[in-house]
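Please open the model in your viewer and set the side chains to sticks, so that each stop on this tour can be selected in turn.

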Amino acid sequence: MTRPRVLVVEDNAMNRMLVREILSHAGFEVLEAEDVGSGRARLSEVIPDAVVMDIQLPGGGGESLLQEMRAAPRLADVPVIAVTAFAMNGDRERFLESGFDAYVSKPIDTRTFADGVRAAIERRAPGHVA
Ligand code: MN
């Protein structure tokens, strides 16, 4: 089985490094982007198996890049996991309603994060019964 490829779009270098370490250790190939523009550029080159998307991002925010992906046929079915620093009542519901596959609040739980990404990929896998 090939290693699942995950694009991490996160402007905070420490958070990006943490996510890279967790996902690499769990067997993922990790691609990185630091803002909406570089995320968009990466997505024009590759179709990752999943995207881990920070919400507070320079260049338009993670939600705008998600909407671009959902509007692009080649990227519409890529699972996208929202990550955000502020967790308020109703955030989870709001992010799932806006089209994210999953929602994780910071600080991320290093023990469960990779499993959450894997689960989001599997839920979109062909033949999966919800
Ligand atoms: Mn950010």
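Begin by selecting aspartate 11, which counts as partly exposed at a relative accessibility of 35%; keep in mind throughout that this is a predicted model. Next, add aspartate 54 to the selection, a residue that counts as buried because its relative accessibility is 2%, below the 20% under which a residue is called buried.

With both aspartates displayed, show the manganese ion, which is coordinated by Asp11 (OD), Asp54 (OD) and Gln56 (O) at 2.0 to 2.2 Å. If you follow these donor residues along the sequence, their spacing reads D-x42-D-x1-Q. Colouring by secondary structure places aspartate 11 in the loop between β1 (5–9) and α1 (13–25), and aspartate 54 in strand β3 (residues 50–54), so the pair ties together parts that are 43 residues apart in sequence.

Keep aspartate 54 on display and select lysine 106, which has Asp54 among its contacts once its neighbours within four places in sequence are left aside. Lysine 106 is found in the loop that runs between β5 (102–105) and α5 (113–123). Which side chain does lysine 106 join through a polar contact of 3.0 Å? The partner is the side chain of glutamate 10, and Glu10 also appears in the list of contacts of lysine 106, together with Asn15, Asp54, Val83, Thr84 and Ala85.

Now clear the selection and turn to the aromatic rings, for which a search of the whole structure finds two pairs. Select phenylalanine 95 and phenylalanine 100 for one of them: the ring centres are 6.0 Å apart and the planes stand at 75°, so this pair is edge-to-face. Phenylalanine 95 is buried, with a relative accessible area of 0%, and phenylalanine 100 is likewise buried, with a relative accessible area of 4%.

Add tyrosine 103 to see how its ring meets that of phenylalanine 95, with centres 5.1 Å apart and planes at 20°, so that this pair is stacked. Tyrosine 103 is buried, as is phenylalanine 95. Taken together, the ring pairs link Phe95, Phe100 and Tyr103 into a cluster.

For the last stop, leave phenylalanine 95 displayed and select arginine 94, whose charged end sits over the ring of phenylalanine 95 at 4.6 Å from the ring centre.

Conventions:
Residues are numbered from 1 along each chain as its sequence is written. This is a predicted model: local features need pLDDT of at least 70, side-chain atom pairs count only at pLDDT 80 or more; totals for chains, interfaces and linings use all residues. Side-chain values use heavy atoms; hydrogens and water are left out. Helices (H or I, at least four residues) and strands (E, at least two) are DSSP runs, numbered from the N terminus. A polar contact is a pair of N or O atoms within 3.5 Å; within protein, one must be able to donate a hydrogen and the other to accept it, and residues adjacent in sequence count only if both atoms are side-chain atoms. Contact means heavy atoms within 4.5 Å. Rings of Phe, Tyr and Trp (its six-membered ring) pair if their centres lie within 6.5 Å; planes under 30 degrees apart count as stacked, over 60 as edge-to-face and the rest as tilted. Buried means under 20% relative accessible area, exposed over 50%, partly exposed in between (1.4 Å probe, protein chains only). A charge sits over a ring if NZ of Lys or CZ of Arg is within 6 Å of the ring centre and within 35 degrees of the ring normal. Donors are N, O and S atoms within 2.8 Å of the metal (3.2 Å for Na, K and Ca); water is not among the atoms, so sites may look incomplete.
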